[in-house]
Amino acid sequence: LRRRHQGQLAATPERRDPPGPRRSATEKNMGSILYTAPDCIRCKIVKDFLAEKRQEYRAVDFKGDTETFNKFYRTYRKAIYRNPEGVEFPLFQDGDVIRQGSGEILAYLLSGHGLEGCVTRSDMLHGKISGLYPSQCPDGQEENFQTLVRRLAEGGLQVWLQTDGRKPELLEKLLCVKNTHVLCNMVGGAEATTKIFGGAPSADELGATIRLVSDTPDGAVRFLVMPLPDGNGWSWPRREDAAAAAKMVAAACGQPTLPYTIVPVTPEMPWDTRGLKPLPDENLLMYRSAARQHLFKAEIAR
């Protein structure tokens, strides 16, 4: 879970193409393979997209053809992740490329490697999908990102976007898609935000983003407590980082009473904890106290 994109140190989880053996020319000529599970809504979304694009592929149901799937799993195990309920389906193999989950697969089918910096694995189950970061969408890929979100939502999934405050124009278009929600992640001041996400929003961008988030059901602005670079290593945020994040929000929206939550990353989330020791509980109280200097309703998420 340690994807390192240029300009993004810990923003999103790692995606690595499979470390297993390269496929032979004969295997590559067999075309793409989609590994699916029975009654899988995420698999249906990908199948419908492939059918619409008339793209040829071989479908393998992991229960109907356990031998083929188990061979694939054993060969590429290090490239396949498991959520709390087991291996997430579908999985798509295209030559030496493997993508897992409907979000990553559709992103690959739409843009090749173009959306890798803003579409990653989801940490949500049961009809929800996350791992979608519009602020980090490369210029020129906005249309593909919109298509991706629309197809996921129309396929029956509740789509959760995560923004760092940049590209509010794209976010506004995405939120017009039914059943789409958004979280705004603050990780510190402008310097920390740039180190983590590859850039920081202007006050106008962040203000526009906060308005969109506030108008969205279940939308939330939050201080996401994640490791920050500290000299040659990494450490949990300081009090000053929490205060700087809250100050950015308050200055951008002009609402000191804006609801604001403090959310620590956990091993279940697709964020890299850099091997740090668990975050002390007293740190959360420190972050809350620092945030309340600027946002009076800051609370620790429960």
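Q93 stands opposite I98 in strand β6. On the other side of the pairing, Q93 of β5 is the bridge partner of I33. This is a predicted model, in which local features need pLDDT of at least 70 and side-chain atom pairs count only at pLDDT 80 or more, while totals for chains, interfaces and linings use all residues. Residues are numbered from 1 along each chain as its sequence is written, and side-chain values use heavy atoms, with hydrogens and water left out.

**Strands**

Helices (H or I, at least four residues) and strands (E, at least two) are DSSP runs, numbered from the N terminus. Two strands pair if DSSP finds at least two bridges between them. The table gives two pairings that involve β5.

| Strand | Partner | Sense | Bridges |
|---|---|---|---|
| β1 (residues 32-36) | β5 (residues 91-94) | antiparallel | three |
| β5 | β6 (residues 97-100) | antiparallel | four |

β5 and β6 form a hairpin with two residues between them. In its turn, G95 has a positive phi of about 65°.

**The chain as a whole**

The chain holds ten helices and 14 strands. A compact globule of 302 residues would have a radius of gyration near 19 Å, and the chain agrees with this because its value is 20 Å. The radius is taken over C-alpha atoms, and the globule rule is 2.2 Å times the number of residues to the power 0.38. Along its principal axes, the C-alpha trace spans about 60 × 40 × 30 Å.

Buried residues (under 20% relative accessible area, with exposed over 50% and partly exposed in between, for a 1.4 Å probe and protein chains only) make up 53% of the 302 residues. A contact means heavy atoms within 4.5 Å. Of the contacts in the chain with a separation of 6 or more, 68% are between residues 24 or more positions apart.

**Cores and helix α9**

In soluble globular proteins, nonpolar side chains tend to be buried together. A nonpolar core is a set of buried Ala, Val, Leu, Ile, Met, Phe, Trp, Tyr and Cys residues joined through side-chain atoms within 4.5 Å. The largest one has 74 residues, and F145, L161 and Y260 touch the most other members. Helix α9 (residues 239-253) supplies the largest share of this core, nine residues. Apart from this core lies another, of 15 residues, among them A37, Y73, F89 and L91.

Leaving out residues up to four places away in sequence, Y260 touches twelve named partners, including M186, F223, A245, A246, V249 and L295. The buried residues of α9 include A245, A246 and V249, as well as D241 and C253.

The expected span of a helix is 1.5 Å times one less than its number of residues. For the 15 residues of α9 this gives 21 Å, and the end C-alpha atoms are 22 Å apart, which agrees. After α9 comes G254, whose phi is positive, near 65°.

**Two buried residues in other helices**

Why does C43 count as buried? The reason is its relative accessibility, which is 2%. C43 is placed in helix α2 (residues 41-53). Leaving aside neighbours within four places in sequence, C43 is in contact with T36, A37, F89 and P90. The C-alpha atoms of C43 and E56 are 16 Å apart, with these positions 13 residues apart along the chain as the separation.

E104 lies in helix α4 (residues 102-111) and counts as buried because its relative accessibility is 8%. The side chain of E104 reaches the backbone nitrogen of R121 at 3.0 Å.

Definitions and conventions
Polar contact = N/O pair within 3.5 Å; in protein donor to acceptor, adjacent residues only side chain to side chain.
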